Each structure stands twice: as C-alpha cells, then as structure tokens.
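Student: I'd like to know what stands behind the words people use when they describe a model like this. Can we go through it together?

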Amino acid sequence: MTDEVYQQPSVQEISGLLRNRFPGKVEVTGTEERRVYAKADRECIHEICAYIHDCLTFEHVTSIMGNDMIDRMEVIYHLSNYFNGVMIELTAEIPADDLHIRSVADIWAGGNWHERETYELFGIIFDGHPKLQRLLTPDTYEFYPFRKSYKLRGQE
Amino acid sequence: MMSRDVIDIKAEASAINTDKMWVIMGPQHPFSHGLWTLKAQLDGEIVTDAEPIIGYLHRGWEKECENRTYPKIIPMADRLCYAASMTYTHLYCMTVEKALGIDIPDKAKYMRIMADEICRIQSHLMWLAAVGTDLGNLTVFLWAMREREFFMDINVRLCGARMTTNFPRIGGVRNDIDEEFMMYTSRCVERFEKAVWDIISLIDDSSIFVSRMKGTGYLTRETCVNLGITGPAMRGNGVDFDIRRDDPYDNYDKVDFEVPVLNDGDSYSRYMVRIEELFQSCKIIKQTLQKIKAIGKNAPYRLKVPSKVPAGRAFARLEDPRGESMMYLVSDGTDKPYRLKVRSPIFVNVSASKPLVQGSRIADVPAIMAMIDMCLGETDR
Amino acid sequence: MARKDYLDKYPRNPAKTLWVLKPVGKVLRMLGKTIIHRPVTILYPYEKMWMPENYRGRPGLRFDRCVACGMCVKMCPTACIKLVETESDSGEKVRRPQVNIGRCAMCGYCAEYCPVDAMTVTPDFELSEYTREDLIYGPKRLVYEGITEKMEIHLEQTLMSDVKNGNPERRVSPFMTDRPVLEAAKCISCKKCEKVCPVKAVTMVEHGVNDKGRPILYPEFNDDTCICCMNCVEDCPKDALHINEVL
Amino acid sequence: MAYSSILDWIQFNDVMSNPFYPYQTYNLPFDIGYKLWEIIGGLIAWIINLIFPDNGVSTWLISPEVSNMFALVLFMVIIFAVAFIVTLISLWMERKVLGRIMDRRGTMVGMKGFMQCIADGLKTFMKENVIPRKVDKMTYMWTVSLIIGTSVLIACMIPLSPRWFVVDYGTGLLIIMALFALAPFFILVSGWAQNNKYSLIGGMRAAELMISYEVPMLIMIATTCLLAGSFNINDIVNAQFDTVWFFIPQILGFITFIFCATAEAERVPFDIAEAEAELVEGWQTEYAGMKWGLIMLADYMRGYVSCAMVVIMYLGGWLIPFASAEINGWVPEIVFLLKVWFVFFIMIVLRGALARVRTDQIVNIGWKIFMPLSIVNLAVVLLLKMGGIF
C-alpha cells in the first residue's frame, strides 16, 4: 500500500491524516501553531514513525526521551519537518511491568543514541536496536539512574 | 568537480591488504576538544571504521534539576556548555515561560536575541580558533581569540560575567541595559565586521587551508538529515532550515537576516556557513540595538512570575550556535520540575562521526570533527 | 533582504595552486603593527584589565545592613552560604552569612535576592589561597571596602497586571509586594513565626480563648517592615502560612 | 731556553707554523683553540715546573704535538658552542617573532626572553629519565642518540666563512646533504621501536615526507653545483661573488628550495611527522625529559642547517657583493649568520601564516610541483651555461 507523499503538510492535514491512517492507534491530543501533540499506541509505533517519515517527510528526529510516571513509563518522540518547521510530539505509554518498545533507529539514524541513552537511564528496552549498550554511564552499572525509584543522596 | 575529489579520496582505500590498526584518540588528545574518545580503525592512513565514546563528563544534569527550584536551574543551565551558556539559559527560561503560559515583554525578547547573537559570535570565534589549531596554525587561534575578547567584554558589561552569563530570567532578563552599553556594543560589532576579514584572508586565501577542508567529511543531504546532524554542519550540506527563521521564537521573525545554505556538503562549506553566520549575527545585533532604543528606556524588561509552575508539559527549541537544542519540561505543580530533558545538538552530531570520518585520512579527522564544534558539557550533561 | 557579506565575495578560490602570498602578507602586516604598537596582550600580574563595577566576582557583604533573613542561603544554587554567629561592632551576637568561595559559582543570586541589598557583587576575582579552609570567607572577611551603587543588584520586576492595566513603567520587587497569609484554622499559636522573623514584623495578637482556657494567638504581619523572607512560612509546623504572590 | 719566567712558558706561536697543523689554510676557531691552549697549558706547565723543577711533563705540555692535540679538543668545543648559541638565538627569534605575528609578546623571561631557552634546557635536563616499559630499549635509545648526533654533527660542519670550517672537502655540500638525509631513517626506526601507534604513524610519515622532497632537493643542489662548477662550498660562494647571487638566475629553484628546506627541517607547513593535532607529538610521543629537550635542540639545529644551505647556495654565503676584499675579510661569520637568520625569519613567517599539509598533499606537492619546477630550473641553468652567460 503506497501513500501519498506530503512535503509540507499543515498542522490540520497532519492531525487528519494521522487519525485516518491509524484509527484507534493514534490520538491527536492537541494542536498549536506548528505543533501537533499526539498519543500513539506502543505496539505500532514503528509503522506510525515510518509513515510520518516517509509520507509526511518528517526527516529529522529531534529527540527521543523517556519519562518515568511511576505507574507507567513514557517514551516521547519529537519529530520535525525541515520544510515548514512543524513538530510532532508523539507520546507512547509503556506499562511498568513490560518495558519494551520497537526501536525506530532504522528509520532515523539520528535516533540511535537517543534510544541508547533512554535505555541506560530508564531501562526501557528498544527491540531491534542495532547496539543497545550503555552510553553515558559505565558498563558495570546495574541500576537505571533517572528512574524516580532511584533517589539521590539527601532526597530520601 | 567536488564529487570527483571525494571519489578519489574514498577510492584510495586499500589496494594492498594490510593489518588494520585501532587507534584510540582521546580522552586526552589534542584533537578532542573536551573529554571524548574516537576509536578509529586505520588501514595505513585511511580510516576504515570509527566509534565515538562519550560519557566522561556525565553529571546527571537532568536528575539534578529535579531537586532544585526553578530559578536555581538557571545558573546550572549556564554550565551546560561553556561557550554557549547564553542560549541554554535562554532556552530553559523559554521552556518554563511556555509552561507558565506567559508572554514576556518585547524589550526582554530583543535583549535576549541580542545576547544570543553575542553568544553565537563568541562561540563561532572559539570554533574558528579551534579550526586553526586543528589544522596546525596557531595564528588563527590567537587572532580569533583576540576578537572573541571584545565580545567577552560586551558580556561583562551586559551582565557582569564573561562566560557563565546567567543573564536571562524566567519572565525576562536579569538587568536593563544603558546607553553606554549600546554605544559600546555597536562600536564593537562594527569593528569586528572589519577585523574578521583578516582571519578570513588568512584561511580562505591560503590554498593549504582550503585544500585541507575541501572535499573532506563529505555527506549527502539525505545521509546528513537522517543522521540527525543539525546546525551549521547541516546547512553546509544543503538543508535549508534554521529554527530562527522557520520556527521563530522570541522576536526573530521581526528582524531581518539571511540563512546561509551551501550544497557542497564538505568541511569547507560547513566552514563557510559558520563564517557567514558571524556576519548575519552582527546584523541582528545592530537591528536589535535599534529596536531596543525605539522601545524606550522605561519599558518593562522582567515580569514577576509565580514560583510554582502549573502541572503540564511544555517544550521549546532554539537554534544553538552548534545546532538545534530543545528542552522538555514535565511539571507536577510544585516549585521543582518533575522531569527536565535537554536535547543537545552535539550529542547527535557526534554520533554521526563514523560516517563523517570513514574513508578519509587520519590527518583529516581533526579537521572534520572541528566542523562539528565539540562541546562536551552539553553532550554528556 | 539582508545581504550575505562573505558568501557573495568568497565562493571561488584558486585552491588548486600553491597560493600562499596573501596570508604571508597579512602576517607580515600584523608583525609590523605589533612592532610599532604594543601587542594586544597585557602582562597580567603587573597590568590588569579594566573591570566594570558590576563585575560578578566574589560576594561582598554590608555588615550593618544585613538582617540575617537567610534569603541568600535559600537562593544559593551551590549551597555555599550559611549563617554563622558572630559579633557586631557593638559587641552583640548576631548571625551573618559565611561564604565558601571554593564552592561559589559567582552567579550573583545572593546579591540579586537580598531584600535589604546587604549582599553585593564585587569586582574581586583574585581569590586563590593555599588551603581550602582559607577559602571560607567569614562575615568579617566578606565585607568589601568601597561598595558602590552599581555593585548592588536590584530585583526590579514588572507585574503582569500592571502591563495589562497600561502601567508598565512601575517596578516592584517581590519583597515589597508578596506577603505571608495566615490560614487561621490551621494555626496552633506556637509563636514560631514570631521567633524566626528577622525584622520583628510578626506580632502575636490575642483572639479570645479556646475551650481549655488558653489564649488563642494569631500572628499579624506588619506590611511595612516585612521583607518577604519566607522564614515564617518554612518554619510553620502546621503549614498554616503561605506566601500570597502578587502577579 | 730559559723557562724561568711565566712568559717563557706562555708563548704565542703562529698556528700555521705548527708542523702538525691539520689544515692547508688558516682556520680561525683552531687558532683560537690553539691560543687558548697556549695560555692554559702554559700556566699548567709553569705551575708544575714551580713545584717539580726541570721535569719532562712541563715541556711536553707545551710541545707542538700536545698543543695541537689539546687545541683540537678546544676547537671542537668552540665549534659546538657557536652552533649551540646560534641555535638558541634562532629559537629565541622564533618565539619572539611568532609572538609578535600572533599579536602577543612571546616569551618574557630575562634578557627580553632569551633566558627562556636556558630555563627550558635546565628544566628538561633535570627531569626524570622515563623509559616506557614496553619499548625496545636498545633501539629506542640508540636511534634518538643517532638522530641528535647527526643533527649536531651537520650543524657543526656548516662552514661560517673560509676561515671557519671543520673539514674543507671538495664535496662539502654533498657530505652535508648525506648526513642531513640520515635522520628520517632513524626516525622511522625509532617510531617502530617506541611500540606506540602514534609514533609508528609519525615515523612512517617521516619516510613518506623524505621521498617527496629529497629528489627535487638533490636536483637543485646539482643545479647549483653545475652553475658554480664545483661541489666545494668555498667555490660556490666565490662563484656567486664573481657573478651574481644564484637566486637571480634560478629564482624558481630558490623558492622551491626554501620550501624543501622547510620540509627537511620538519617545520610547519611540512611537520606532518609530528602533527600534534592528530598524532599527539608524532614520533616524539614516548620521549620525555632530557631526550625530548635534545630532540627539540636537534630540530632547531636542522632548521639552522637548512637555512645555511639556502644561504650558501643562493644568497652568496658570507660575502657581501661589490664590496672590497678587505671588508669581506673583516667579519664574514657575522654576515653569514645574519643571512641565515634572515632565511630563518622567512621560515618563521611561513609557520605563522600557513597550516599543516596532509600526507598525500605533500607527496603531490613534492612530485607534481617541486619536481617539475626543479627540472625547469635545471633546464634554465643549462641554457644559461650553454649560452655562456655563466
């Protein structure tokens, strides 16, 4: 199935297209000038990202970050378009007992290190990542320092 | 012409089978401006594989911020990058303002733009100095540092510190500026626009400098974009994108400037983009000074903001001297952030060092990596 | 449209040939210039750079103005300030800030957030010592001779309501506007706020008696002398006080 | 003879009348050494004679054979001291001129910064002698000694004037060139012996550098010798006095030779063997303390020799053109050294203005630019020679 390629999709177009293409999987939570906020299902994050990259020409991943909400984890993608400066904020929620999500490093090579960083700081495992190893912290670390359960000295 | 040169270099790799050798450059190495390591696999003089290693400076910046009240993070944001302290502080304040949902006064916006551009000029001059030493010439280093000193002086007059400026505040800027400062700054900028030609003629008119940079570190537009390289390095590869123009923050849409874009995709075009950005920054500074003068002396420059940020999420991005930087703030309604994420441009740019240096000579590695303009404080955070 | 100064002039270069004459000429020109004039560098320990008065060096203290409110302690991002007991000129025991310069980040927050402008920045930047203990500046040592107006940093803010009402030129500082507010239901009349107030702006006023016959005391705040140091808010055991932020 | 007063012991004989005098012509440093020995040896002999009258040792000490022997030792010391001081002055000059070029002051330690050289020397000499554990110790030490040794040897062998020389061979220029070209081999071996990847690459680069500049350089030396009609340095200088300085007929060769000499001395823009940006310090990485200090000294000595070669071959050596023999006979050494320092100044300016070239570029420059230029230069000289102008 080939989709139409939009080089400079407007914010309305993006939210409409995302809703139509992935019904029930993507929920557009809000739009602003040049900003689209959406929630995505983690099971099909790779297809959504591939669609956004190929058909909406979001060539650049600004950041991939993790967020610990104690009862669940979040992986937040910020994707940007180089033709009109639109950014999509894509949030995928992960239950705390199953920290797995599909890697998007094969779509955007720039996401490679972001995913490694998220893995080492939050313990979220990116399936299909080419080299999922610790990057900033020493290899011998056995804990994930940015989780809320990891307390700093004097914070207890 | 250009592409043929590149093909020549890449085709030279190995007609004879020799043992490959891993050379570990860093963390204490003259070419690594800061603490990072480049493991390079050499076949004779040609780099066949490379792997960057970072993390020597990991301070847990983001975790640390979760322990501090909002104003106390501003001096910390200064220390993300020693050369671009102003932009990071600006970015942090912008993010918090977005979470608060307030719009700061016009004068503060222009002052922030001006401070940003001063920061950009001094950061680029530092980069220029580093290019000089990486290519083996100390004169460029010292001349660029001399020019940088004038902008350091502007910083001192602006906010009392040379590098860790601590100037923007949530809701505005730290202090007002006076007539004397504006006069001094415009004079400095005008002087600089003439003086920088000395350095340019030392580099661009010297065939050694040009031939060292031309044709090295070549990337196509698609690879460059996919690798996530941002900033001047990206604009040298033909990507016509600048957050200041295409996604304007503060008052960048009200000043007139040009975004230099070159299509060659080698180190020399990255170099040229940065040099042109110096001139454009001078233009922006001059325009903002006029606008600040027009706004008037008694206009507000700092809003009083609540100490607690309402629960919610906000992010802002801005054009750092080195690329696109972004901060993402998750707030839970207290006076401390729940999570603060920094997207640093160098973190992604350095991850692209393997495709950048692959196939070039070991002598070109410093020149290619100099065009990334490493700064490890923001990379490791 | 803005002009491209550099790119319009320098896209083409005869880089293929061995062309080095212009840089050599530039270098020789600079050589002549520095032989006739002096070089731009200075001989540091003997000559010193001009420093503007607002240069952010180490913090300075005006001993007499300080009221020991502890605002600098709260605002210091590196936690290098603490209040220590010392003797004033008249011999009474007072509490004054002591700064560990070894940890100080020279951010100027202590001067900026000082409600009485007792802390200032100073242009003193030569701070090296032989031991770490020497780096701890006690209150007496923190006093800097010749503090001028410009070394004070005033927290001048504009209220958002003022901007809306068309009065943008009014400048306030939070120490003048923000005041503690009492939630009377939570108060247990412990008088702690009266004890910790550095400027004696809290008076306990009697509001009748409770069932056990003990007097009910509620704090009342003197708006003129209060400096909004938030000590009472922080020390209140029942969180009955909070700061009302005027925006 | 009486041998009673001290003046009987200290006699000032003419050095040329000594039957064991090793040269055919007058040699100034030997003369100085001879006179010095006549003073020192005479004093010693007089003191010995005062204590043990009429012994054989005293007369033996001032006999022509022994005088000649000790004069040779003093001669060597004088020659080395002069080369050493000349090198230190070039080092000081580089620091000051480079500083001014970069808009700073350069070194400021005593005597306008000259004492910095002494301070550096003392510092390196007092450092601990560190030999890394995994180096090939024998080769590691021997190669560095040979590098320093050959460099010092050629620096001493440069004649400053017709009366200031060590040997006066007919093929003086060739001997200097041969000694000059030895060091890169030792650099290659020492780079391998250090068991360090940077030094290995640096050593290989030194060899790569040598194959690119050595051939054009030799062609240009041959051209000059062809023009002068002799390999003897004295003859070359005199030939330039008789006609014109050789940089006028072979201007191409002069410019090319300056670059080649820069490469020979391994200075910017051709210091690829010790490129500090990518190969920390190149082949010198594992040398520390005194060894490194001596390597540095040897580097500058090679720089001095390169400049001296330029002066001898193209700038008329120690002679001032159109001056009378009397003026030229006055202080030819100073004239020569001034010219050397002028050429060194050009090298310093080049270092200030240019960047380091890449390894493939130096081979390109050597074989595609320097080589044709030197051959064109040779052709021009051949034409001039055939036309009978020279």
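Tutor: Sure, starting with contact: two residues are in contact if their C-beta atoms, placed from the backbone, lie within 7 Å. This is a predicted model, where local features need pLDDT of at least 70 and side-chain atom pairs count only at pLDDT 80 or more, while totals for chains, interfaces and linings use all residues. Residues are numbered from 1 along each chain as its sequence is written, and chains are lettered from A and ligands numbered from 1 in the order in which they are written.

Student: How do you know that chain A and chain C do not touch?

Tutor: Their nearest C-alpha atoms are 13 Å apart, and chains A and C do not touch. Chain A and chain D do not touch either, with 24 Å between their nearest C-alpha atoms.

Student: Which chains have the most contacts between them?

Tutor: Among the four pairs of chains that touch, that is B and C. The contact takes 42 residues from chain B and 39 residues from chain C. On the chain B side, α12(B) gives the largest share, six residues.

Student: What makes a stretch a helix or a strand here?

Tutor: Both are DSSP runs, numbered from the N terminus: helices are H or I with at least four residues, strands are E with at least two.

Student: And what makes up that side of chain B by class?

Tutor: It has 18 nonpolar, 10 polar and 14 charged residues. Ala, Val, Leu, Ile, Met, Phe, Trp, Tyr, Cys and Pro count as nonpolar, Asp, Glu, Lys and Arg as charged, and the others, Gly among them, as polar.

Student: What does chain B use against chain A?

Tutor: There, 28 residues of chain B are in contact with 24 residues of chain A. The largest share of that side of chain B comes from β7(B), with four residues. By class, the side splits into 11 nonpolar, seven polar and 10 charged.

Student: Why does the radius of gyration of chain D agree with a compact globule?

Tutor: The radius is taken over C-alpha atoms, and the globule rule is 2.2 Å times the number of residues to the power 0.38. For 390 residues a compact globule would be near 21 Å, and chain D has 24 Å, so the value agrees. Chain D has 15 helices and zero strands.

Student: How many of its residues count as buried?

Tutor: In chain D, 47% of the 390 residues do. Buried takes 20 or more other C-beta atoms within 10 Å of a residue's own, exposed takes 12 or fewer, and partly exposed is in between; C-beta atoms are placed from the backbone.

Student: Where do the domains of chain D lie?

Tutor: Domain 1 is 1–126 and domain 2 is 128–386, with bounds from an automatic or database domain assignment. Their C-alpha centres lie 27 Å apart. The contact takes 21 residues from domain 1 and 23 from domain 2. On the domain 1 side, α4(D) provides the largest share, 12 residues.

Student: What makes β2(A) alternate?

Tutor: A:V36, A:A38 and A:A40 point to one face and are buried, while A:R35, A:Y37 and A:K39 point to the other and are not.

Student: How do you know that β1(A) and β2(A) pair?

Tutor: Pairing needs at least two bridges found by DSSP, and six join these antiparallel strands. A:T31 stands opposite A:V36. β2(A) also pairs with β5(A), in the parallel sense over six bridges, and there the bridge partner of A:A38 is A:L90.
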